[in-house]
Amino acid sequence: MIFLNQCLQGIFLGAYYALIACSLSFLFGVMRIINLAHGSLAVLAAFLLFVLADRYGLSPWLGLVLVIPVMAALGFLLQILVLERSLKGGLLVPLLSTFGLAIVIDNLLFQGFGADTRSLAPYIGDLSFASWSLSDDITVGQLDVIILAAAVALLGGLQLFLARTRLGRTIRATAEAPEIVGLIGIDARAVYALSTALAMALATVAGAFLALRATFNPYSGGMQLLFAFEAVVIGGFGSLWGTLIGGILLGVAQNLGAFVNPHGFLIAGHGFFLAILIARLYLGPRLARLRLARLRPRRPRPHAARPA
Amino acid sequence: MMAAPDMRVERWTRRAQGFVVSLLLLALVLAFGPLLFSAGITDRLSELFVYVMLAVTWNLLAGYGGLVSVGQQAFFGLGAYLAVRLSAAGVSVYPALLLAGLMTGALALAIGEVMLRLEGGEFAIGMWVVAELAHLLVNLDPLVQGETGTSLIALDAFSAAARRADTYWAAFAAMVLLLVLVFAVLRGRLGTALQAIRDDEIAAASLGVRVLATKRVVFMLAAGGAALAGALWLATAITFQPHAYFSVQWTAYMIFMTLVGGLGTFEGPVIGAVLFFTVEWLFGASGVWYLIGLGAAALGFALFAPRGLWGAFTERFPERLLPLGYHVVGARAAAAAGGGEER
């Protein structure tokens, strides 16, 4: 039963991973770049919420209403000032520039807030520990259920938005052929900026959940980036639902690792990620084409072909 | 290019020969370092040599191989760890440093087998995961005692002065060896193949370049060099605390040195290392603001001057003092316009 409980807690943890992963893979799907500052930006959002709660007594839920637009605006600026220029520089430059940005953000946060570990849990009253007992060994935290529901709603919403709305179709078209959409009156630059703003809004929600269910410090960003990346790769093929499954598998693997050995949490997570990676690279030609989650399943693009 | 009667192809110009002679003289002076410099300067120079090794190997990987890794601290840490392990197993201490570098290089062959099949950002973060995993596994070793760490006790057998001089010579020899090796690799077939892969992997493969095999060699060389640097850093620091060696900060330093000096040039990372060394000397004490400055500089150079200081310099003065490619005399205008003499 304890084992079952570990699995269940892993699923809830995985919901958070799916949330932080979906904006990473969304941005990769649109612009083909991995934002190495992704985790740091989510942690920045967590600190903004912390300041609002700690200094101004604002509940984190209300804080989100304020911080999401701020982070979206930051995302807009990030695109205009950093990513757009990086994209012109070839494949390597976005990695280098976003890594430099991550160092700046992490250390600015350290300068501003010091090394203390923080959490938003004290600012949401009973909710941080309220739970339902399903049996003697199995309890379900109410906050965990909220996070899981939010993850399902946001991933589903993003999927629907991309599949069904006009703007979603515009984003997909731009992702597919940024040079060509101009012919039908789409401004690719505006679409990119909007997508980055949307990704940052999602990352803000992820940062909030990180801060609510656990603790964070100025240097937590790197690890969140790794978890997001692992969730995306494990979920791998296909849609954003794959990302949700990837996040949950990662969370379960980590919790089972911790069940076996106190040091096992991170080792099991990283090990599971590598095992999936190796399996995918060596098993079968179809799975061999490792790709981050696409916006929707489609035929491989011509330049996606790799020499053997 | 139009053939003109007064054009000829040169590699070693007279000035380049003169430059190499002066480099050799500088190396000769540095070789007597511990006899000439104070203890403090000797220690600092040993650190500089480690920085040069880190910058050169990271540049080999990213600037020539097109492989941006944010996980090179995996090899830096493993080099130091294996040196501790080998030394504890009875290998005498300085050979243990070299052996640790070689063993990590061999280990990198296995790691590369998986990681080199990833592209771009997937490779970059994938390597970071490898570094984290290596860190966690090293922590499990009872010798290391988790984050408590251990130290290279065998160095206590030497007097402080002898240790300082020996470490200096070991670091200097390792750096010179690595520089010569990388220079030779880049001038040869492999260097040409590498640049072809960096510029267009698919086109290179279609011309018969063995892409994966070439990347394998470079990955192994970069890993072995970083590991040797880690082992030498251990010899200067003596204590081994895993988190200090497996920190992503080392990769941040490598990226800073390479980007500022000049990504994809031979001289650039060496210049970047000297610059980083100076900046650290002057501002290292200011802690966090110094790190913010490093990150901002990396960001700025990536966006506005991706070929770094040396790249900007060679755009104006196309003649290479350490020629990796060939130089067409009498075609300065064409060379300056394209910067394309490095082929």
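## Close-up views of a predicted two-chain model

**Figure 1. Helix α6 of chain B, seen from end to end.** Let's begin inside chain B: helix α6 (residues 120-140) is built from 21 residues and reaches 31 Å from its first C-alpha to its last, close to the 30 Å expected at 1.5 Å a residue. Like everything shown in these views, this helix belongs to a predicted model. How much of α6(B) is buried? The count is 17 of the 21 residues, so α6(B) is largely enclosed by the rest of the structure.

**Figure 2. Chain A as a whole.** Before zooming in on chain A, it helps to meet its parts. Chain A contains 11 helices and two strands. Following the sequence, the elements come in the pattern α-α-α-α-β-β-α-α-α-α-α-α-α, with the two strands placed between the fourth helix and the helices that follow. The C-alpha trace spans about 60 × 50 × 35 Å along its principal axes. What radius of gyration would a compact globule of 308 residues have? It would be near 19 Å, and chain A agrees because its own value is 19 Å. Of the 308 residues in chain A, 49% are buried. Contacts that link distant parts of the sequence are well represented: among the contacts in chain A with a separation of 6 or more, 73% join residues 24 or more positions apart.

**Figure 3. The side of chain A that touches chain B.** Here the two chains meet, with 38 residues of chain A in contact with 37 residues of chain B. Which elements of chain A give two or more residues to this side? They are α3 (60-88), α4 (93-113), α8 (221-235) and α10 (264-282). The largest share, 13 residues, comes from α4(A). Sorted by class, the side of chain A that touches chain B has 26 nonpolar, 10 polar and two charged residues.

**Figure 4. Helix α4 of chain A, the largest contributor to that side.** The helix that gives 13 residues to the side touching chain B deserves a view of its own. α4(A) has 21 residues and reaches 30 Å from its first C-alpha to its last, close to the 30 Å expected at 1.5 Å a residue. Is this helix mostly covered or mostly open? It is mostly covered, as 17 of the 21 residues of α4(A) are buried. Just after the helix, look for A:Gly114, which takes a positive phi of about 75 degrees.

**Figure 5. A:Phe229 and its surroundings.** This phenylalanine is found in helix α8 of chain A, one of the elements that give two or more residues to the side touching chain B. Why does A:Phe229 count as buried? It has 28 other C-beta atoms within 10 Å, and 20 or more are enough for a residue to be buried. Leaving aside residues up to four places away in sequence, A:Phe229 touches A:Leu24 and B:Ile125, so its contacts include a residue of each chain. A:Gly246 is another landmark in this view: A:Phe229 and A:Gly246 are 17 residues apart in sequence and 9.8 Å apart in space, C-alpha to C-alpha.

**Figure 6. Two loop residues with a positive phi.** In chain A, A:Arg32 sits in the loop between α1 (2-31) and α2 (38-56). This residue has a positive phi of about 65 degrees although it is not a glycine. With 17 C-beta neighbours inside 10 Å, A:Arg32 counts as partly exposed. In chain B, B:Ile238 lies in the loop between α10 (211-237) and β3 (239-240). B:Ile238 is not a glycine either, yet has a positive phi of about 70 degrees. It is partly exposed, with 13 other C-beta atoms within 10 Å.

**Figure 7. Chain B and the confidence of the model.** The secondary structure of chain B comes to 16 helices and four strands, and 46% of its 343 residues count as buried. Among contacts in chain B with a separation of 6 or more, 78% are between residues 24 or more positions apart. Chain B averages a pLDDT of 84, and 90% of the residues score at least 70. Where in chain B is confidence lowest, and where is it highest? Helix α16 (residues 332-338) has the lowest mean, 49, whereas helix α4 (residues 73-88) of chain B has the highest, 93. Over residues 334-343 of chain B the pLDDT is below 50, and this stretch has 17 contacts in the model beyond near neighbours in sequence. The model scores ipTM 0.85 and pTM 0.86.

Technical notes:
Residues are numbered from 1 along each chain as its sequence is written. Chains are lettered from A and ligands numbered from 1 in the order in which they are written. This is a predicted model: local features need pLDDT of at least 70, side-chain atom pairs count only at pLDDT 80 or more; totals for chains, interfaces and linings use all residues. Two residues are in contact if their C-beta atoms, placed from the backbone, lie within 7 Å. Ala, Val, Leu, Ile, Met, Phe, Trp, Tyr, Cys and Pro count as nonpolar, Asp, Glu, Lys and Arg as charged, and the others, Gly among them, as polar. A residue is buried if 20 or more other C-beta atoms lie within 10 Å of its own, exposed if 12 or fewer, and partly exposed in between; C-beta atoms are placed from the backbone. The expected span of a helix is 1.5 Å times one less than its number of residues. The radius of gyration is taken over C-alpha atoms; the globule rule is 2.2 Å times the number of residues to the power 0.38. pLDDT is the predictor's confidence in each residue, from 0 to 100.
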